[in-house]
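Colleague: Got a minute to walk me through this one? I'd like to start with how the helices pack.

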Amino acid sequence: MSAIAHEPGTDVVVDLVDAVAVLGSFPALAGATLSVRRGEIVLLRGPNGAGKTTLLRLCAGLVPLERGQGQILGVDLVRDRELVRHRVGMIGHNNGLYSDLTVTENVRFWGRTVGASTAEVDAALHRMGLDGRLANLPISRLSAGQKRRTLWRDWWRDGLNFGYLMNRMQVLMRRAVMNLIRFLNWLLLPARQ
Amino acid sequence: MSKPSQNSSLENSSPKNTSLKNSSGVIATARLIATKDLRVELRSRVLLNQVVPFSLIVMVMFAFALDSDAVLERVAPGLVWLATLFSVLIMVSRSFAVETADGALDQLRSSGVPAMGIFIGKTVALMVQLLVLVTLLVGAAVVLYRAQVSWSGGVLLVTTAVAATCGLAAVGTLYGGLAAGAKGRETLLPLLLLPVVAPVLIGATRATESAFGTNGIAISEGWPWLGLLAVFAVLFSVAGAVAFGPLLDD
């Protein structure tokens, strides 16, 4: 597994040293060391089963750190893993959407979990182009791309340290992935001001 | 493309929302989750289109199998709660299938909302649906098995239904969460759940027998069984609220 970092900043937001994560009895991540600074865009590459997803889940506070040291946004992964969760957004293999609910209901529900107001939800829907005929469609009737747009609902979080961890990059061309991440960064910017 | 600010302190900045993270946020989260689950049910109509017909078919099949009015009158309370238990398995599986189908449970965890709120919300939504189901099953028992309910028996029956469904919903949500991430969860859930809910089956059946006046049992004899149901409901509600978070994490 390798990581390519671009555009280095100053503050370290991801700091892993010999991190070991175990899924069941299987060591899904065996001694990973990674340092990411604020503002960096990092591309993780590696064969299937190398531990890319586990590494992202570890950084999102969803997988316990069994051994080694780890800090995300200054929060210790061993002691305060839960505190990491609401400061990191993770886009995984799945979208986390409820197929029986409409686009608006999904965005509103997830907006409520992060404290977004109705106005912010409406603004998010408009910004993502989901406020037209799509707004009242159930998720089950959306295309894969439209679901992904609905997924980027958390952009209104205004924590400056908020970061996105993206998975499933293997299905996309590398250049497209980088453009996607730049687009997400641009998308996140208004929420920071 | 503008870059993120470089001069902020990592330690000081935090997400805008903290309202769902503190203790009062448990209630807000529970309400959010319960509303969402009930809305999903209203849209999908799994309860009305699948669970209710299934449980009614179970009641009818028992009537065919036993084929005796006298026997059916005697066993009606037990059949109502047996059909309810079978339906609970479907409803709990469905409740967590909605969360795991597209990774929503992971998203809930990563959004930082209190696990206790998730547990309470899912329990309340399940309890509401179970109350609807039990009401229909009691109606079916009256029609199919000629069960009779007096006014005073009705009070006992309603109280029993509330206590029993609360206990079933709490233990169902707890074990549903336990089985949610496991392989073969469809078969694991009945194995885990059915033995644990045996006290509910016994207590609710005895109390319902009193409410129906089955075999001349007095209504007053049903109230002590309600105590068992209440203890079960409180025990698993508290255990579930406390254990649900660590259970999801593991």
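Modeller: Sure, one definition to begin with: axes are lines fitted to C-alpha atoms, for helices over the stretch in contact, and angles run from 0 to 180 degrees between N-to-C directions. This is a predicted model, where local features need pLDDT of at least 70 and side-chain atom pairs count only at pLDDT 80 or more, while totals for chains, interfaces and linings use all residues. Residues are numbered from 1 along each chain as written, chains are lettered from A in the order written, and side-chain values use heavy atoms, without hydrogens or water.

Colleague: OK, at what angle do α3 and α6 of chain B pack?

Modeller: About 40°, with the axes of α3(B) (residues 69-100) and α6(B) (residues 151-180) 9 Å apart. Helices here are DSSP runs of H or I, at least four residues, and strands are E runs of at least two, numbered from the N terminus.

Colleague: Switching to chain A, how many helices and strands does it have?

Modeller: Six helices and eight strands. From the N terminus the order is β-β-β-β-α-β-β-α-β-α-α-α-β-α.

Colleague: And how much of chain A is buried?

Modeller: 52% of its 193 residues, where buried means under 20% relative accessible area, exposed over 50% and partly exposed in between (1.4 Å probe, protein chains only).

Colleague: Why is α3(A) called largely enclosed?

Modeller: Because nine of the 11 residues in α3(A), residues 103-113, are buried. Among them are Phe109(A) and Trp110(A).

Colleague: What follows that helix?

Modeller: Gly115(A) comes after α3(A), and its phi is positive, near 80°.
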